[in-house]
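Please walk through the empty spaces of this protein, beginning with a pocket and moving on to the cavities.

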Amino acid sequence: MSDEKDGSDADKLLNNILPSYHMFQSTISKTLSTSREDYLTDPPIYEVTPVHSNVSTPALSVLPSPVNELTNVNSFPFIEAPEEQTFDDDCIDIWENTILANVHRLKNLTNSKSSISKDLQVEIFVTKDVVQKGMKPSIIDPHEREYQQGDYIHGFVTIKNNSSVPIPFDMVYVVFEGIVTIYDNKGGMIDVRKPLKVEKYLNMLDLFASWSYANIDRLVTDHGDPHDWCDDETDPYDNARLSIDAKRLFQPNVTYKRYFTFKIPEVLLDDICEYHGLALHTQVPPTLGKLRRVDTTQLGDSSIKDLCFIDACSSYTVEARVIGRSSDFCKSDSKDHYVVAKESICPIRVIPNTKLEHIYNTRTMNHEISIFYAAFESTVREKLEEAEHLSTASMGERREFSLSPQTSRESSSIKLNQLYTQINSKFEKTTSDSKSFQEQNYQFISPIKKRSLTASKDIGFISLSTPKHDYRTSYIPPPKYRKGELKDKETQLTIPIDLTYFYRINSLKQPSMPKIKSITAELTALTIKSDKYPIPVEFNHEMCFRDKEVVKNSKQVVDNFDRIVIQPNKKNLQKLTYHLKHLGSDVFKVETKLFNDLKSLAFLSTKYQTLVISDLNFSSTTEKSLVTSIEDITWQIEPTESTEYETYSKKFNVHIDLKRAKLKGSNNENSELLFDNYTLVPSFQLCFLSRLYYIKIMVHLHSGEILQIPAPLHIDK
């Protein structure tokens, strides 16, 4: 059965509901603060009132419940909000204080010596189809496939109390989560228990599988009584109990079963990037890095090397958790709080499809990203200019400026949007009716010198260029997920190159053409992470290298992401901090959001993993046949109006096969192909983790000069 058919069947079979307010309070919005509840009292009894002459339809009358979780509403630490605060802001504050959002902060007894944790057995099973009562489930190994948007994850959770006494609990959660985790890395020693940052970009709770005061029809074929707790309902297939005790007790030697179904969304929720609202941060990211909360060697994933940081990962998991109060499980704790009594984790590998609009609108997206970042830089620059002005101002002028309503009230976000509009309009005006924007090149220029024993003399300069173009290639799964052999067209790229030599007339009696020693290519996987503050901008390849690089000698360092983005923002942060310290925050006002945004960019961490691509082929731009040596392509004299230089050029194509790449520094010359050793996941960006790719073409001259130009690369699925 195809995945498409499975999805269609699931859509027809599964029931969709909205949770009641009581269900919402007892599951999704359950707060971190413990409440006093009597679980041992019988649950509320529902009855239908008699039909009186003055009542046209029967009405439900609910007897007061001894378990009133609505008292938890007042436990949220609300602060009186200003008038402009919206209901959505309140929801964010509430969510940040829920157990679902902070479960990673709770004490976890799963791998401890706790007797109760050892007595609880929690297991997750993934199935091919929707699980139904009385039918044999088709259990599959989820680690044998890669999931994508729209795919269903079906299965069930079993919970068994292997002790001789009932075990109490407060909550049973079954969730599908997508999380970025940044670990504390001290000299290669990673503390898995206390990560620096845990950011949940996806958090889906299955209300049917999780415990709540409700009996809801999971399937459209179900016709259950919503007021019946179904205490004795079992699955005829294995006699597992389908309902959990309303008194929140796991009875001795009883196996409980809870069905779940999750559907991977097409995009993340808009408020995932709540501080900046960046579109790329709401796209479903791929699985990246090593999930250190589980032993991945048991899953067969230890061989997947995706060039990520060792202390960061983006992961998806189905998790089942039993949560209770420490007073029930940890008698030594002086203060009552929630703890995870037992959890089970099932990693799910997700590799999303690339949105078509991102493929066909790359140029427009790059333009908007560049303009927005320029606006951010302009905002910071204006703030520093304001500080410089205040530094030389008199005390009276400073006092007057500090009382200015514009200084104290204008939001940096509003300012940023205004600057974006201004810069964008100026850019469009200067490039309208001009082909320059459409014909931009990446260019590298280096002098050519005639060296002698005593000195060197400039005899001209050489230019290496290629048209600006975003190259795209397909995602290649690891061997265990791959179907069939790799096709050459999936990994091959052709990059046009223009090598131009400007020879200074009369510098020598007869021009000597630069001799090319070799041409090499490298693929760079750039991973970017922020340990604390969300990244305030989107990235493009314009932030990874300059459009034009002019070098004066071979020792000059070529700019990269660190030199273009991180170092300038670090200098600006130092200046801003200096002015805040010397002027005082009462005089020099800096919005907290702007300051944190600057800190985010200033303290970004980067990892450049370079792969050398071997076995390059070349062809002339005027001929179709391939050549193995660049010397087979002759220099051509170019017409010029210059009286100072003669111009010669080689125009050719570099043909690259990405599967011929290997990690730089590897000593194994006979290593297998790239995609059998390493996995290049699709490009993505999140608030705390991003991945970009690019290729560098390098021309090595016999005279010692090395020319290099970049080529942006996107990996799509």
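**Pocket and cavities in a predicted model**

In this predicted model, the strand β15 provides the largest share of the lining of the second largest pocket, namely 7 residues. That pocket holds about 1,100 Å³ of space, and its lining comprises 40 residues, among which N111, R293, V294, E343 and I345 lie nearest the centre. Besides β15 (338-348), the elements that each supply at least two residues of this lining are β4 (120-127), β5 (139-140), β8 (171-182), β11 (197-205) and β14 (312-325). In terms of residue class, the lining of the second largest pocket divides into 20 nonpolar, 9 polar and 11 charged residues.

Rolling a probe the size of a water molecule over the atoms reveals where empty space is left. In this structure there are 3 cavities of 30 Å³ or more. The largest cavity contains about 440 Å³ of space, and of the 28 residues that line it, L280, T354, H358, S683 and F684 are the closest to its centre. Two or more residues of this lining come from each of α8 (362-392), β28 (684-685), β29 (689-701) and β30 (706-716), with α8 giving the most, 4 residues. The lining of the largest cavity is made up of 11 nonpolar, 12 polar and 5 charged residues.

Where does the largest cavity lie with respect to domain 1 and domain 2? Residues of its lining are given both by domain 1 (88-348) and by domain 2, which is assembled from the segments 385-390, 471-495, 515-623 and 652-715, and the largest cavity therefore lies between the two domains.

The second largest cavity, for its part, has a volume of about 60 Å³, and its lining can be listed in full: V180, E199, K200, Y201, I272, H281, L686, C687 and F688. Here the largest share, 3 residues, is contributed by β11, a strand that also supplies at least two residues of the lining of the second largest pocket. By class, the lining of the second largest cavity has 6 nonpolar residues, 1 polar residue and 2 charged residues. Because domain 1 and domain 2 both give residues to this lining, the second largest cavity lies between them.

Methods
Residues are numbered from 1 along each chain as its sequence is written. This is a predicted model: local features need pLDDT of at least 70, side-chain atom pairs count only at pLDDT 80 or more; totals for chains, interfaces and linings use all residues. Side-chain values use heavy atoms; hydrogens and water are left out. On a 1 Å grid over the protein atoms alone, a cavity is a set of points where a 1.4 Å probe fits but cannot get out, and a pocket is an open set with protein on both sides within 12 Å along at least five of seven lines; lining residues have an atom within 4 Å of a point. Grid points are joined across faces, edges and corners, and a volume is the space filled by probe spheres set on the points. Ala, Val, Leu, Ile, Met, Phe, Trp, Tyr, Cys and Pro count as nonpolar, Asp, Glu, Lys and Arg as charged, and the others, Gly among them, as polar. Domain bounds come from an automatic or database domain assignment.
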